[in-house]
Amino acid sequence: MATRLTRFHWVNILPGDIKMAKPQAHLENQAASSVMGTAADEVVVLTDILGRKLKIKPLDILYESQLTRMFGTEAANLPYMMGFVYPAASVCEIDGMAYPRPTSQQEVDEAIQRLGREGFAAFLQHMQSEMEKLKQVAESGAEPKPE
């Protein structure tokens with residue numbers, strides 16, 4: 001099992017995890033972007049298998065802290081937080097419809113429902129792609145290249 005820092009959070013991936021067609025992704029803001037770092041306003045656009053355009057914005061550390069406080073002891077359930085809460089909270093727009101950051105358990109549940117399995121699959125594929133880039137950079141010893 002590999003643990004890697006991604007643009008969004010720490011992720012544990014087991015060898016042979018989900019293998020699907022790669023999602024389409026591009027950056028909205030190319031300024032100061034790299035595999036390792038992300039500009040605060042950087043937005044990645046993914047397309048899920050339903051054809052929906054998902055705009056993903058990395059969570060800042062303050063918001064992650066607020067989510068942890070909001071969930072209390074449930075935040076210790078890392079697979080739930082990193083597998084459902086953080087990805088759903090990272091989606092700021094779907095097909096041109098903007099969504100504010102969830103600020104309650106009910107809003108997080110709504111964001112999870114809105115994203116659905118297809119959206120989570122696109123998000124996971126994107127994160128796996130980012131981890132592959134990190135692996136290649138680590139193995140080559142080179143600095144990450146801006147996209």
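The following is a short exchange on how the descriptions of this predicted model are justified.

Reader: What makes up the fold, from the N terminus on?

Author: The protein chain has 3 helices and 7 strands. From the N terminus on, they run β-β-β-β-β-α-α-β-β-α.

Reader: How much of the chain counts as buried, and how much of the accessible surface belongs to carbon and sulfur atoms?

Author: Of the 147 residues, 40% count as buried. The accessible surface comes to about 8,600 Å², and 57% of that belongs to carbon and sulfur atoms. As for contacts between residues at least 6 apart in sequence, 59% join residues at least 24 apart.

Reader: Why are lysine 55 and glutamate 93 called a salt bridge?

Author: The cut-off is 4 Å between a side-chain nitrogen of Lys or Arg and a carboxyl oxygen of Asp or Glu. Lysine 55 and glutamate 93 come to 3.6 Å, N to O, so the pair satisfies the cut-off of 4 Å. Lysine 55 is in strand 5 and glutamate 93 in strand 6, so the salt bridge ties together parts that are 38 residues apart in sequence.

Reader: Is glutamate 93 buried or exposed?

Author: Glutamate 93 is buried, at a relative accessible area of 19%. Buried means under 20%, so the value of 19% falls within that class.

Reader: What stands opposite lysine 55 in strand 6?

Author: Glutamate 93 does. Strand 5 and strand 6 pair in the antiparallel sense, over 3 bridges. Two strands count as paired with at least two bridges, so 3 bridges meet the requirement.

Reader: Which other salt bridges can be set against the cut-off?

Author: The structure holds 4 salt bridges. One of them joins arginine 52 to aspartate 48, with the closest N and O atoms 2.7 Å apart; both of these residues are buried. Another joins aspartate 60 to arginine 101 at 2.6 Å, N to O. The limit is 4 Å, so the values of 2.7 Å and 2.6 Å both qualify.

Reader: What does the pair of aspartate 60 and arginine 101 tie together?

Author: Aspartate 60 lies in the loop between strand 5 and helix 1, and arginine 101 in the loop between strand 7 and helix 3, so the pair ties together parts that are 41 residues apart in sequence.

Reader: How do you know that aspartate 60 and arginine 101 are partly exposed?

Author: Aspartate 60 has a relative accessible area of 34%, and arginine 101 has 39%. Partly exposed covers the range between under 20% and over 50%, so 34% and 39% belong to it.

Reader: What makes aspartate 95 worth a remark?

Author: Aspartate 95 has a positive phi of about 50° although it is not a glycine. Most residues other than glycine have a negative phi. Aspartate 95 sits in the loop between strand 6 and strand 7, and these strands form a hairpin with 2 residues between them. The two strands pair in the antiparallel sense over 2 bridges, and isoleucine 94 has methionine 97 of strand 7 as its bridge partner. At a relative accessible area of 49%, aspartate 95 is partly exposed.

Reader: Why are the rings of phenylalanine 71 and tyrosine 80 called edge-to-face?

Author: Their centres are 5.9 Å apart and their planes stand at 70°. Rings pair if the centres lie within 6.5 Å, and planes over 60 degrees apart count as edge-to-face, so 5.9 Å and 70° satisfy both conditions. Phenylalanine 71 is buried, at 6% relative accessibility, whereas tyrosine 80 is partly exposed, at 22%. The count comes to 3 aromatic pairs, and ring pairs link Phe71, Tyr80, Phe84 and Phe120 into a cluster.

Reader: Which residues of the largest nonpolar core touch the most other members?

Author: Of its 24 residues, these are Leu54, Leu67, Phe71, Met81 and Val85. Strand 4, strand 5, helix 1, helix 2, strand 6 and helix 3 each give two or more residues to this core, and helix 3 gives the most, with 8 residues.

Reader: What do the buried residues of helix 2 pack against?

Author: They pack against strand 5, helix 1, strand 6 and helix 3. The buried residues of helix 2 include Met81 and Val85.

Definitions and conventions. Residues numbered from 1 in each chain as written. Predicted model: local features only at pLDDT ≥ 70, side-chain atom pairs only at ≥ 80, totals over all residues. Heavy atoms only, no water. Buried < 20%, exposed > 50% of the residue type's maximum accessible area, 1.4 Å probe, protein only. Helix = DSSP H or I, 4+ residues; strand = E, 2+ residues; numbered from the N terminus. Contact = heavy atoms within 4.5 Å. Core = buried A, V, L, I, M, F, W, Y, C linked by side-chain atoms within 4.5 Å. Areas by Shrake-Rupley, 256 points an atom, 1.4 Å probe, with all protein chains shown as cover. Phe/Tyr/Trp six-rings, centres within 6.5 Å; stacked < 30°, edge-to-face > 60°.
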